[in-house]
Amino acid sequence: MDPRLPHLRRKLAQIPFSPLRSHSFGEEKHRFQLGPTISPATLDAFETDHGVVLPAPYRDFLTSLGATGAAPFYGLLPLSRCEVFTIDPKGPDDGAPRGFTAVEDLARPGDRFLHIIEAGCSDVVLLGLTGPLTGRILTGNSDGFWGPYLSPAPDFIAWYELWLDEMAAGYDNRALELTSPASRNAERRRRPTS
């Protein structure tokens, strides 16, 4: 088990009681609760079925803390709903954002990404499975409406802790869909009253 996980569990437990924390988009759905863990045998079967290897920090999280629930946006998807994607090739216009396509054929070329979090509409949060972004988190739009954002965190656990730390500190962070208390108050003041 990754030694960072017990510390992460304590941080997550404190978030709902932090009075000056940011609002995390989708928190009403998961309520900062993690679902049950998943067995290593289930993860092994998933890897075999999809022809991938899951990065160790993500595996450790799913087997030690929880396999669904509390995470940015609408929370962690159950493994049964996680799909393998590849980034779309560049089109004739090199400046156009690139989207992501679900991999139907395991022989299809391209680096692999696992869709781990539903972010709403066609927005996705992906975990790099192969290539230079293995273990890293990308947030993007599967239709290519906006280009992917690569998190500065080196792996899934560091990315998850970044979410907790920035929320606890009351930060705005568009990439994690965090809204600070100051921004929420300013938005309330701008709304017309009836």
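Modeller: Buried means under 20% relative accessible area, exposed over 50%, and partly exposed in between (1.4 Å probe, protein chains only). This is a predicted model, where local features need pLDDT of at least 70 and side-chain atom pairs count only at pLDDT 80 or more, while totals for chains, interfaces and linings use all residues. Residues are numbered from 1 along each chain as its sequence is written, and side-chain values use heavy atoms, with hydrogens and water left out.

Colleague: OK, is lysine 11 buried or exposed?

Modeller: Its relative accessibility is 17%. Buried means under 20%. So lysine 11 counts as buried.

Colleague: And which residue meets lysine 11 in a salt bridge?

Modeller: A salt bridge here is a side-chain nitrogen of Lys or Arg within 4 Å of a carboxyl oxygen of Asp or Glu. For lysine 11 the N to O distance is 2.5 Å, and the partner is aspartate 165.

Colleague: How many residues apart in sequence are the parts that this pair ties together?

Modeller: Helices (H or I, at least four residues) and strands (E, at least two) are DSSP runs, numbered from the N terminus. Lysine 11 sits in helix α1 and aspartate 165 in helix α5, so the parts they tie together are apart in sequence by 154 residues.

Colleague: How much relative accessible area does aspartate 165 have?

Modeller: Unlike a buried residue, which must be under 20%, aspartate 165 is partly exposed. The value for aspartate 165 is 34%.

Colleague: What does arginine 4 form a salt bridge with?

Modeller: The closest N and O atoms of this pair are 2.9 Å apart. Arginine 4 is in the segment before α1 and its partner is in the loop between β7 and α5, so the pair ties together parts that are 151 residues apart in sequence. Arginine 4 counts as partly exposed at 28% relative accessibility, and the partner, buried at 14%, is aspartate 155.

Colleague: Aspartate 155 is also at the start of α5; which residue's backbone nitrogen does a side-chain oxygen of aspartate 155 reach?

Modeller: The oxygen comes to within 3.1 Å of that nitrogen. The residue is isoleucine 157.

Colleague: How many of the 13 residues of α5 are buried?

Modeller: Among them are Phe156, Trp159, Tyr160, Trp163 and Met167. The helix is largely enclosed by the rest of the structure, because the buried count is ten.

Colleague: How far does α5 reach from its first C-alpha to its last?

Modeller: The expected span of a helix is 1.5 Å times one less than its number of residues. With 13 residues, α5 comes close to what is expected, reaching 18 Å.

Colleague: Which element gives the largest nonpolar core its largest share?

Modeller: A nonpolar core is a set of buried Ala, Val, Leu, Ile, Met, Phe, Trp, Tyr and Cys residues joined through side-chain atoms within 4.5 Å. The largest one has 43 residues, and those with the most contacts inside it are Tyr58, Phe61, Leu114, Ile116, Phe156 and Tyr160. At least two residues each come from α1 (5-14), α3 (40-50), α4 (56-64), β4 (113-118), β5 (123-128) and α5 (156-168). The largest share, eight residues, comes from α5.

Colleague: How many residues are in the other core, the one with Phe85?

Modeller: This core lies apart from the largest one, and Ala102, Leu126 and Leu138 are also among its members. Its residue count is seven.

Colleague: In what order do the strands of the open sheet run?

Modeller: Two strands pair if DSSP finds at least two bridges between them. There are six strands and the pairing is antiparallel. The edges are β3 (100-102) and β7 (149-150), each pairing on one side only. The order is β3-β2-β4-β5-β6-β7.

Colleague: Which residue stands opposite valine 84 in β4?

Modeller: Strand β2 (residues 84-87) and β4 pair in the antiparallel sense over two bridges. Contact means heavy atoms within 4.5 Å, and beyond its neighbours within four places in sequence, the residue in question touches Phe46, Tyr58 and Val84, among others. Opposite valine 84 stands leucine 114.

Colleague: How many bridges join β5 to β6?

Modeller: The two run antiparallel, with β6 covering residues 137-141. Valine 124 has glycine 140 as its bridge partner in β6. The number of bridges joining β5 to β6 is five.

Conventions:
Polar contact = N/O pair within 3.5 Å; in protein donor to acceptor, adjacent residues only side chain to side chain.
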